[in-house]
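Biologist: Please take a close look at the sheet in this model. I would like to know how the strands are ordered and what packs around them.

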Amino acid sequence: MNGFFLYANEPQERPKLPLSQSLPYLQTIEHDALILGEGPTKVYVFIDPYCPNSRNFISLIDENSKMRSKYTYYFFLYELKRFNSAEMIAKIYSSSNPLDALKRVMIQDQNLSDTINPSVSGKIAQISNVAQTLDIYKRPYIIMVKREK
């Protein structure tokens with residue numbers, strides 16, 4: 001039989017934009033990041049608050065002071081459609097302390113009753129636009145920028 005076979009479970013290689021082209025996009029949304037850590041190396045991370053892998057990653061960073069001293073993590077909330085997390089993302093960004101809200105949701109598995117501030121829709125849209133431009137397709141999606149020597 002001639003032809004080709006498509007295997008759904010096989011990992012597919014997706015071409016990534018080189019860091020030199022990705023970094024300017026990331027810098028346009030850096031001010032919208034939820035920042036954790038104080039290390040010299042920047043790590044940009046796209047997460048979904050309901051994604052189990054994102055939750056594990058946030059827990060790991062929160063518990064590990066060594067990782068926070070080596071890296072500064074810039075977290076961007078970006079929805080994976082299957083988790084229907086758009087409302088929770090808006091609630092986290094609307095919170096008076098978004099990083100604390102993020103931890104409450106992702107580490108402590110609490111729900112937020114905060115109201116959604118309509119002004120966060122622009123921030124969420126801008127992050128989404130950058131993520132789509134960079135073809136962010138999984139969570140957590142990590143981009144590390146090593147410090148210059």
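**The sheet and its surroundings**

Modeller: Start with one pairing. Strand E2 (residues 41-47) and E4 run antiparallel, joined by five bridges. One of the residues involved is Lys42, whose bridge partner in E4 is Val145. Keep in mind that this is a predicted model.

Now the whole sheet. Four strands make it up, and the sheet is open. The order is E1-E3-E2-E4, with mixed pairing. Strand E1 (34-36) and strand E4 (141-145) stand at the edges. Each has a single partner strand, so one side of each is left without a neighbour in the sheet. On average, neighbouring strands are turned by 20° against each other, direction ignored.

A helix packs on this sheet. Helix H5 (residues 98-106) touches E1, E2 and strand E3 (71-77). The direction of H5 makes about 80° with that of E1.

Next, look inside strand E3. Tyr73 sits in this strand. Its relative accessible area is 2%, so Tyr73 is buried. Which residues does Tyr73 touch, not counting those up to four places away in sequence? They are Leu34, Ile35, Leu36, Val43, Val45, Phe57, Ile61 and Met67. Take Leu34 from that list. Tyr73 and Leu34 are 39 residues apart in sequence, yet their C-alpha atoms are 8.0 Å apart in space.

Aromatic rings come next. The model has nine aromatic pairs. One of them joins Phe46 and Tyr78 in an edge-to-face arrangement. The ring centres are 6.3 Å apart, and the planes make 80°. That angle counts as edge-to-face because it is over 60 degrees. Phe46 lies in strand E2, while Tyr78 lies in the loop between E3 and helix H4 (86-94). The pair links distant parts of the chain, 32 residues apart. Are these two residues buried or exposed? Phe46 has 0% relative accessibility, so Phe46 counts as buried. Tyr78 has 12% relative accessibility and therefore also counts as buried. The cut-off for buried is under 20%. Phe46 and Tyr78 belong to one aromatic cluster, together with Tyr44, Tyr74 and Phe76.

Back to H5, the helix on the sheet. H5 also has a helix partner, H4. The two axes come within 7 Å and cross at roughly 140°. H4 is therefore oblique to H5. From H4, the contact is made by Met88, Ile92 and Tyr93. From H5, Pro98, Ala101, Leu102 and Val105 take part. By class, this contact has seven nonpolar residues, no polar and no charged.

A second helix pair is worth setting beside that one. Helix H1 (residues 19-29) packs with helix H6 (residues 120-133) at an angle of about 170°. Their axes are 9 Å apart. Why is H1 called roughly antiparallel to H6? The angle decides it, because angles over 145 degrees count as roughly antiparallel. H1 contributes Tyr25, Leu26, Thr28 and Ile29 to the contact. H6 contributes Gln126, Ile127, Val130 and Thr133. The residues of this contact divide into five nonpolar, three polar and no charged.

To recap the part you asked about: the open sheet runs E1-E3-E2-E4, H5 packs on it, and Tyr73 of E3 is buried.

How values were computed
Residues numbered from 1 in each chain as written. Predicted model: local features only at pLDDT ≥ 70, side-chain atom pairs only at ≥ 80, totals over all residues. Heavy atoms only, no water. Pairing = 2+ DSSP bridges. Helix = DSSP H or I, 4+ residues; strand = E, 2+ residues; numbered from the N terminus. Axes fitted to C-alpha atoms, helices over the stretch in contact; angles between N-to-C directions. Contact = heavy atoms within 4.5 Å. Nonpolar A, V, L, I, M, F, W, Y, C, P; charged D, E, K, R; others polar. Phe/Tyr/Trp six-rings, centres within 6.5 Å; stacked < 30°, edge-to-face > 60°. Buried < 20%, exposed > 50% of the residue type's maximum accessible area, 1.4 Å probe, protein only. Parallel < 35°, antiparallel > 145°, perpendicular 65-115°, else oblique.
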